[in-house]
Amino acid sequence: MNNDNQVEMYTDGACSGNPGPGGWGVLLRWNGVERELCGGEEETTNNRMELAAAINGLLSLKRPVKVAIYTDSTYVKDGITKWIFNWKKNGWKTAAKKPVKNADLWQDLEKALARHEVEWHWVKGHAGHEENERADALAREGVEKIKNSLIM
């Protein structure tokens, strides 16, 4: 694992209606170079798009690296750093014995994390944090792409 450089990853998800057309956005920064990613789905939820942003950002990395992931989603940060251990132990059931929502994406995220050394950071959303605002704009762009694809 190359520890000389760290990738900064800013992620966000958005949804027009919940559920509804959704988008995800990622701003990656490494060695002074920035890369932006976005995408979406026709019928989804905000939480699924928050997870999709982190997954797609990690999958875009070409080799194992140190990654600092910044998200405004406590759902994603707490889910992957606290809750997932008990979910797995309980066969992907919550403490209330109900199926874990978005288990497919939690499993995809865990798999995408496996080859990297990751630090999770929570940032307050819509509070003027420049990189988070950019990730949010990319997520909204993902929503618009999906909406436009449904029209044409």
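**Helix α3 and its surroundings**

In this predicted model, the buried residues of α3 are A103, L105, W106, L109, A112 and L113.

Reader: What covers the buried residues of α3?
Author: Take the buried residues of α3, W106 and L109 among them. Their cover includes two helices and two strands: α1, β4 (65-71), α2 (74-89) and β5 (117-122).

Reader: Is α1 roughly parallel or roughly antiparallel to α3?
Author: The axes of α1 (residues 46-59) and α3 (residues 103-113) come within 9 Å. They cross at roughly 25 degrees. Angles under 35 degrees count as roughly parallel. That makes α1 and α3 roughly parallel.

Reader: How many residues of the contact of α1 with α3 are nonpolar?
Author: From α1 come R48, L51, A54, I55, L58 and L59. They meet D104, L105, W106, D108, L109, A112 and L113 in α3. Of the residues in this contact, three are charged and none polar, and the nonpolar ones number 10.

Reader: Which residues form one aromatic cluster with W106?
Author: W106 is a buried residue of α3, and α1 residues meet α3 there too. Its aromatic cluster also holds Y75, W83, W87 and W92.

Reader: Are W87 and W92 buried or exposed?
Author: Both belong to the aromatic cluster. Buried means under 20% relative accessible area. W87 and W92 are each buried.

Reader: Is the pair of W87 and W92 stacked, edge-to-face or tilted?
Author: The ring centres of W87 and W92 are 6.4 Å apart. Pairing needs centres within 6.5 Å. Planes under 30 degrees apart count as stacked and over 60 as edge-to-face. The planes of W87 and W92 lie at 40 degrees, so the pair is tilted.

Notes
Residues are numbered from 1 along each chain as its sequence is written. This is a predicted model: local features need pLDDT of at least 70, side-chain atom pairs count only at pLDDT 80 or more; totals for chains, interfaces and linings use all residues. Side-chain values use heavy atoms; hydrogens and water are left out. Axes are lines fitted to C-alpha atoms, for helices over the stretch in contact, and angles run from 0 to 180 degrees between N-to-C directions. Helices (H or I, at least four residues) and strands (E, at least two) are DSSP runs, numbered from the N terminus. Angles under 35 degrees count as roughly parallel, over 145 as roughly antiparallel, 65 to 115 as roughly perpendicular and the rest as oblique. Contact means heavy atoms within 4.5 Å. Ala, Val, Leu, Ile, Met, Phe, Trp, Tyr, Cys and Pro count as nonpolar, Asp, Glu, Lys and Arg as charged, and the others, Gly among them, as polar. Rings of Phe, Tyr and Trp (its six-membered ring) pair if their centres lie within 6.5 Å; planes under 30 degrees apart count as stacked, over 60 as edge-to-face and the rest as tilted. Buried means under 20% relative accessible area, exposed over 50%, partly exposed in between (1.4 Å probe, protein chains only).
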